[in-house]
Amino acid sequence: MPDAGVAPAGTAACKFGSIDGVEQSLASVGYIPSRQIATAVYLAQHLEKPILVEGPAGVGKTELAKSVATCLELPLIRMQCYEGLDEAKALYEWKYGKQLLYTQILKDKIGDVLGSEETLPSALDKLHQFGDVFFSQQFLEPRPLLRALQQPGGAVLLIDEIDKSDQEFEAFLLEILSDYQVTIPEIGSIHAIRTPIVLLTSNSTRDLGDALKRRCLHLHIGFPDAKLEGRIIQSRVPGIETHLRRELVAFVQQLRSLDLKKVPSISETIDWARVLVLLHAATLDAELVQDTLNVLLKFEADIEVAKKQIVTLTQKARQEAGLPI
Amino acid sequence: MNTAPASEPLRQFLQAARSAGIRVSAAEGIDAARALQVIGYGDRTVLKDTLSLVLAKTPDEKHLFDECFDLYFRRDELARSDETNSDIEARVTSNGFGGEGLGGGGGRSLAQMLMDDDRASLATAMEDAARDSGIQNIRFFTQRNLYARRILDRMGLRQAERDMETLRKDGDPATADQLENRIEALRDQARDMVERNLLLFARGETEKFREELLKSARLTNLERRDLERMRVLVRAMAKRLAARYAKTRRRRLRGHLDVRRTLRKNMGWGGIPFVTVWKQKRIEKPRVMVLCDVSGSVAAMAQFLLMFLYALNEALKDIRSFAFAGSLIEVSDILESEPIEIAIAKIMQAIGFGSSNYGNSLADFEDGWERYVTSKTTIIILGDARGNRTDPRTDIMQRLSHRAKRIIWLNPEFRAAWGTGDSDMFRYAPYCDVVTVCNTLRHLERVVADLLKDAA
């Protein structure tokens with residue numbers, strides 16, 4: 001078992017030396033984390049445990065992994081999960097074409113190599129002297145998981161939307177998640193050169209197995225509060241005016257309390273902020289909101305629900321942003 | 001390793017978390033200890049975030065965790081503030097009871113502490129006594145007095161009472177009365193404390209106990225106030241079953257040549273496919289037709305069966321439901337469009353509470369829906385088979401049993417009552433593949449699990 005007390009050496013340790021450090025360095029690459037997210041990243045690094053990130057779509061689960069990678073200047077290796085994903089696509093594959101070519105070459109050359117031998121046993125002995133190259137690293141095509149383990153400087157491995165994969169695939173991940181190694185029957189176990197930082201994301205379309213959850217830190221990212229969302233918008237859309245930002249955040253926060261099929265998440269807020277900046281909007285008014293509502297809401301029914309309340313919502317947003325009505 | 005000093009409060013907290021309904025494995029306990037070594041106990045919010053990351057793994061558990069954490073550390077806070085104040089103890093001088101009492105904190109008698117109104121020492125002593133009496137093992141509401149008594153005994157209450165008597169005899173009744181009042185107050189505090197701990201350590205247990213009881217209670221005897229809890233239970237059970245069986249099927253939903261494994265298997269022959277490997281064949285989800293007797297006492301049972309089956313939607317291919325008493329109607333539409341509670345009420349209004357006529361109802365079914373019964377259909381009939389001496393029409397049952405994959409008859413009556421009076425159970429039994437007693441949630445779960453298992 002790796003010693004938890006000793007932080008990994010190098011730049012990683014300097015940047016992620018404390019929870020505040022994590023918070024600052026993530027902020028410096030444009031990801032404003034909540035305290036809990038920063039704690040999770042800090043713990044993941046120091047305990048060498050993967051983080052399972054759950055939460056609604058568009059709250060920045062994938063973005064977190066990207067930002068951690070940028071922060072630590074490590075390569076990000078991303079594996080998108082889907083139904084039917086198997087080890088050949090996730091872990092490794094034999095280069096069948098190359099192996100076939102090899103057998104062809106072997107056929108041609110075998111006479112030259114073994115021709116001088118008199119008896120069958122001596123020919124076999126000679127054969128044994130050659131290395132067993134057929135199932136060896138040379139013919140191995142590494143897929144994301146294996147690549148992550150083979151990175152000499154470490155890596156950030158993002159296993160995206162794990163809930164989309166099959167139950168068996170989950171079981172197959174257990175070895176890599178707990179011991180950072182994979183077993184290839186023909187070769188043996190391959191250990192990570194440097195322990196990668198692993199993030200798994202899930203939209204909870206199905207319940208994940210207990211075994212998987214037990215091996216991970218479980219981080220639930222919800223919708224941010226107004227203050228945090230304001231900071232996120234500020235960092236992502238720097239061109240936006242302060243009072244418009246406040247208004248916009250207050251509006252979205254209220255929108256989330258309505259009974260909608262899909263409530264807008266942070267990515268939608270950011271998009272909306274960009275749209276408003278492009279349109280040179282100075283302040284939110286009912287007409288503008290009505291015209292751009294489809295950026296925030298993705299279902300016709302939701303837009304209908306929201307349209308009826310736009311006037312009251314914008315007024316309230318102005319109020320909360322401290323602007324005159 | 002410096003885990004030792006940290007492990008005791010953590011261990012207690014883990015116990016509290018478990019009883020709050022969070023599943024904490026030993027491995028997660030170890031992770032928590034390691035995490036605390038990195039993080040320390042300094043910052044309450046960080047501590048909460050950390051433990052939440054390591055221990056609570058679903059949104060439900062996160063919620064439970066927050067509650068449990070706040071509850072646990074509120075209690076802890078009381079104890080801690082007392083510890084910091086415990087130097088007050090040193091300032092208090094003995095005032096006449098010295099050496100007489102036993103037990104209690106700080107080596108002074110309980111009576112003395114009470115008379116000094118030294119709350120800090122009293123709270124510390126109570127905390128110690130509670131720990132000694134094993135308060136974390138409390139499970140039931142009824143154990144409150146027992147534990148309160150134990151705590152007070154350990155604090156030296158008997159001696160304090162004796163001290164009070166002595167005072168009264170020695171002609172200082174005013175002081176004695178004062179002491180008596182304070183002893184009363186102490187009793188209240190002890191009870192309070194036990195209740196806090198009960199909340200912390202036993203909430204999950206009582207819930208679990210109640211659920212176990214409900215699972216094996218006869219559904220016909222349920223009280224109205226348990227209905228909501230039952231609904232939650234049924235949904236949880238159905239969800240578990242659906243999760244288990246929906247998955248096996250999804251995995252096998254393939255029917256093609258497995259090219260990769262075929263190539264690999266044939267590497268030895270230079271890639272010429274001598275042996276072919278096929279992906280597994282897809283497996284049909286069961287199609288179910290449910291016929292529910294909604295007359296009289298069977299109605300309660302029907303409600304739960306329907307609830308169960310509809311909660312299983314994703315594991316079943318197709319489900320059609322019928323309700324009958326004197327005659328039979330299809331109720332699938334009502335059940336799909338309305339929440340189950342309202343739907344059931346509507347069905348009952350439309351047809352329920354009459355006297356049953358099995359023959360008539362079976363005839364209705366044959367006329368209207370027999371053509372939908374295929375060799376893949378499972379027919380489930382729920383009823384007591386008491387047709388009020390009408391013609392049972394076993395001939396229809398015979399025809400159905402030829403058409404359908406199988407017929408399952410669930411009877412809420414005990415086996416001994418079958419065939420007595422107007423029960424036609426034994427007349428129908430030969431045409432059914434399974435006839436079983438079914439009157440508790442447990443029975444229901446078993447029946448539904450078998451249904452899904454056989455199909456897989």
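User: Over residues 1–13 of chain A, how does pLDDT behave, and how many contacts beyond four places in sequence does the model have for them?

Analyst: Where pLDDT is low, the predicted coordinates should not be read in detail. This is a predicted model, and across residues 1–13 of chain A the pLDDT stays under 50, although the model has 14 contacts beyond four places in sequence for that stretch. Helix H1 (residues 11–15) of chain A has the lowest mean pLDDT among the elements of the chain, at 53, whereas strand S8 (residues 197–202) of chain A has the highest, at 94. For chain A the mean pLDDT is 85, with 95% of its residues reaching 70 or more.

User: What does the secondary structure of each chain come to?

Analyst: In chain A there are 16 helices and 9 strands, while chain B has 19 helices and 6 strands. Buried residues account for 35% of the 325 residues in chain A, and of the 456 residues of chain B, 36% count as buried. Looking at contacts between residues at least 6 apart in sequence, 78% of those in chain A join residues at least 24 apart, and for chain B the corresponding share is 73%.

User: How should I read the way helix H12 (residues 242–256) of chain A and helix H16 (residues 310–320) of chain A cross?

Analyst: The general idea is to take the angle first, then the handedness, then the residues. The axes of H12(A) and H16(A) come within 8 Å and cross at roughly 130 degrees, which means that H12(A) is oblique to H16(A). The crossing in which H12(A) passes H16(A) is right-handed. On the H12(A) side the contact is made by Glu247(A), Ala250(A), Phe251(A), Gln254(A) and Leu255(A), and on the H16(A) side by residues including Leu313(A), Lys316(A) and Arg318(A). By type, the residues of this contact divide into 5 nonpolar, 2 polar and 4 charged.

User: Which elements of chain B give two or more residues to the side that touches chain A?

Analyst: The size of an interface is often given as the accessible area lost when the parts come together. Here the description is by residues in contact, with 25 residues of chain B meeting 24 residues of chain A. The elements of chain B that give two or more residues to this side are helix H2 (26–39), helix H3 (44–55), helix H4 (59–85), helix H11 (227–251) and helix H12 (259–265). H2(B) gives the most, with 7 residues, and the residues on the side of chain B that touches chain A divide into 10 nonpolar, 6 polar and 9 charged.

Technical notes: Residues are numbered from 1 along each chain as its sequence is written. Chains are lettered from A and ligands numbered from 1 in the order in which they are written. This is a predicted model: local features need pLDDT of at least 70, side-chain atom pairs count only at pLDDT 80 or more; totals for chains, interfaces and linings use all residues. Two residues are in contact if their C-beta atoms, placed from the backbone, lie within 7 Å. Helices (H or I, at least four residues) and strands (E, at least two) are DSSP runs, numbered from the N terminus. Ala, Val, Leu, Ile, Met, Phe, Trp, Tyr, Cys and Pro count as nonpolar, Asp, Glu, Lys and Arg as charged, and the others, Gly among them, as polar. pLDDT is the predictor's confidence in each residue, from 0 to 100. Axes are lines fitted to C-alpha atoms, for helices over the stretch in contact, and angles run from 0 to 180 degrees between N-to-C directions. Angles under 35 degrees count as roughly parallel, over 145 as roughly antiparallel, 65 to 115 as roughly perpendicular and the rest as oblique. A crossing is left-handed if the near helix is turned anticlockwise from the far one by less than a right angle, and right-handed if clockwise. A residue is buried if 20 or more other C-beta atoms lie within 10 Å of its own, exposed if 12 or fewer, and partly exposed in between; C-beta atoms are placed from the backbone.
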